[in-house]
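Me: I would like to learn how to read a structure like this one. Could you walk me through it step by step?

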Amino acid sequence: MLKQFEAHFKDLGYTEPTAIQTAVYEPLAGDQNVLGLAPTGSGKTVAFTLPALANLLPGDGTQLIVLEPSQELAIQTSRVMRDWAKLLNLKVVALTGGANVKRQTERLKKRPEVIVGTPGRVLNLVSDRKLKLHLVSLLIVDEADDLLTGDTLDTVRSIAQDMPADVQLGFFSATDTPILHELEQWFGQSVTRIDVRQEDNTQGVVRHGLLQVGMGKRDQMLKRMLAIPNFRALVFFKQANTLRQTATRFYHEHMSAASLTSDLRQVQREKALQDFRLGRTRLLLTTDVAARGLDIPKLPAVINYDLPTSVNEYVHRVGRTGRMGEPGQVISLGDDHDLRDLKKLLKDTDYDLVPLYFSGRTLTTEKPVAVMPQPAATTAKPSADATAKTPKGAGKRAVAGEKPAGKANTPHAKQEPNPSKKKKHKNRHTKNKGMRKKWRDRDAQQSQQ
């Protein structure tokens with residue numbers, strides 16, 4: 001490692017290089033083609049940045065191209081590389097789709113030594129002859145398991161073919177896929193495979209939980225989670241339409257949430273990500289495409305609103321939390337059938353999936369015990385003999401007027417009125433009834449005389 005890098009390494013608070021940083025430095029610095037496999041959050045960006053920059057010459061034009069699958073990851077990588085490049089007087093420019101092409105073209109006129117971009121935008125500028133690759137000595141393909149699929153594979157190969165035939169190649173990924181075993185076939189050069197996934201110890205303790213929630217109640221569950229103190233989460237959706245519906249609902253209800261999707265303008269995406277990193281918003285709703293490879297320091301949780309359909313998807317999603325030794329929590333939402341399918345999908349992995357329950361304002365692994373309501377006190381039925389000796393209606397009045405249990409011996413208990421006892425109201429006819437009879441008797445005696 002260069003002396004300038006060693007000093008900056010300590011200034012950033014790092015004590016020692018990670019497994020992937022140690023393993024690939026010498027091969028990359030020694031012009032070898034490399035495939036580096038390491039867990040998410042293990043420092044792969046710095047792993048290829050340091051040896052790649054060490055071989056560049058300031059003022060000699062574009063010599064290094066780094067390809068990333070998304071705008072966010074390209075911008076994130078360019079910032080990391082720029083921090084190290086300034087120590088060697090090297091310039092780094094980001095070329096991403098969605099940004100102003102004219103502005104990017106103007107930056108290329110300054111002849112930056114390093115280009116970090118998305119494959120589509122880089123190829124467009126190469127085709128328009130705005131970007132020349134004849135001096136490039138190293139091509140880095142980050143998140144190779146994602147970039148080397150479908151149409152993107154053809155785009156990456158087209159970019160490589162515009163470079164010198166002996167260009168050095170570097171591929172980096174957190175997961176292994178079949179195409180990573182066929183790199184020589186696709187790029188015409190042998191590649192040294194370096195896999196440190198079993199040796200790496202940068203991962204913090206991450207708990208993987210299953211929370212049974214139906215589709216119609218998942219938005220409500222997200223709201224309830226916001227009641228947890230200091231809770232923040234990256235929320236993964238499968239469909240952009242579902243994400244928009246949830247984002248719109250949260251916006252109208254003034255919830256602390258923002259969305260990060262590929263159809264937003266770059267300025268909007270950068271603001272959403274920056275607000276989330278700074279804690280201004282507590283939920284970032286996103287898709288696999290937009291959040292691939294993002295580094296969000298000390299992210300407490302990842303929520304699978306829609307469950308992943310492949311092991312690789314799950315690995316990359318959960319890799320956003322528990323980075324660089326920090327603890328993390330993964331919460332997968334779904335009904336009973338969905339959660340069973342997820343268990344089957346991950347049965348051959350080392351993930352320990354544990355049921356979660358939301359109780360009060362916390363997530364717990366202990367199933368809440370339902371509290372049964374106490375039955376109301378019932379009055380014993382009068383026996384047949386007692387009924388026979390009781391005047392008609394007297395028994396009913398006694399039952400209805402009985403005081404509830406627990407209140408009879410209370411000294412200050414308020415006496416409840418007896419609804420069965422009707423107050424008798426005397427009227428003037430009832431009051432004079434006896435006098436009228438007395439007068440009639442008197443009149444009868446006088447008439448006999």
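Reply: Happy to; we will take the sheet, then one strand, then a pair of helices. Keep in mind that this is a predicted model.

Me: Let's begin with the sheet. In what order do the strands stand, and is the pairing parallel or antiparallel?

Reply: The general idea is that strands of a sheet pair through backbone hydrogen bonds, either parallel or antiparallel. Here, seven strands make an open sheet, and reading across gives β3-β4-β2-β5-β6-β1-β7, with parallel pairing. The edges are β3 (92–95) and β7 (192–195); each has a single partner strand, so one side of each lacks a neighbour in the sheet. From one strand to the next, the twist averages 15°.

Me: Now a single strand. Which strands pair with β2, and over how many bridges?

Reply: On one side, β2 runs parallel to β4 (residues 114–117), joined by four bridges. In that pairing, Leu67 stands opposite Gly117. With β5 (residues 138–141), β2 also pairs in the parallel sense, again over four bridges. There, Leu64 has Leu138 as its bridge partner.

Me: And which way do the side chains of β2 point?

Reply: In a regular strand the side chains alternate between the two faces of the sheet. You can follow this in β2 (residues 64–67): Leu64 and Val66 point one way, while Ile65 and Leu67 point the other. All four of these residues are buried.

Me: Next, the helices. At what angle do α3 and α4 pack, and how far apart are their axes?

Reply: Two packed helices are described by the angle between their axes and the distance between the axes. For α3 (residues 44–54) and α4 (residues 71–85), the angle is about 40° and the axes lie 10 Å apart. The two helices are therefore oblique to each other, and their crossing is right-handed.

Me: Which residues meet where α3 and α4 touch?

Reply: From α3 come Thr45, Val46, Phe48, Thr49, Leu50 and Leu53, and they meet Thr77, Val80, Met81, Trp84 and Ala85 of α4. Sorted by type, the residues of this contact are eight nonpolar, three polar and no charged.

Me: One last thing: how many residues of α3 are buried?

Reply: Ten of its eleven residues are buried, so α3 is largely enclosed by the rest of the structure. Among the buried ones are Lys44, Ala47, Pro51 and Ala52.

Key: Residues numbered from 1 in each chain as written. Predicted model: local features only at pLDDT ≥ 70, side-chain atom pairs only at ≥ 80, totals over all residues. Heavy atoms only, no water. Buried < 20%, exposed > 50% of the residue type's maximum accessible area, 1.4 Å probe, protein only. Pairing = 2+ DSSP bridges. Axes fitted to C-alpha atoms, helices over the stretch in contact; angles between N-to-C directions. Parallel < 35°, antiparallel > 145°, perpendicular 65-115°, else oblique. Left-handed = near helix turned anticlockwise from the far one by under 90°. Contact = heavy atoms within 4.5 Å. Nonpolar A, V, L, I, M, F, W, Y, C, P; charged D, E, K, R; others polar.
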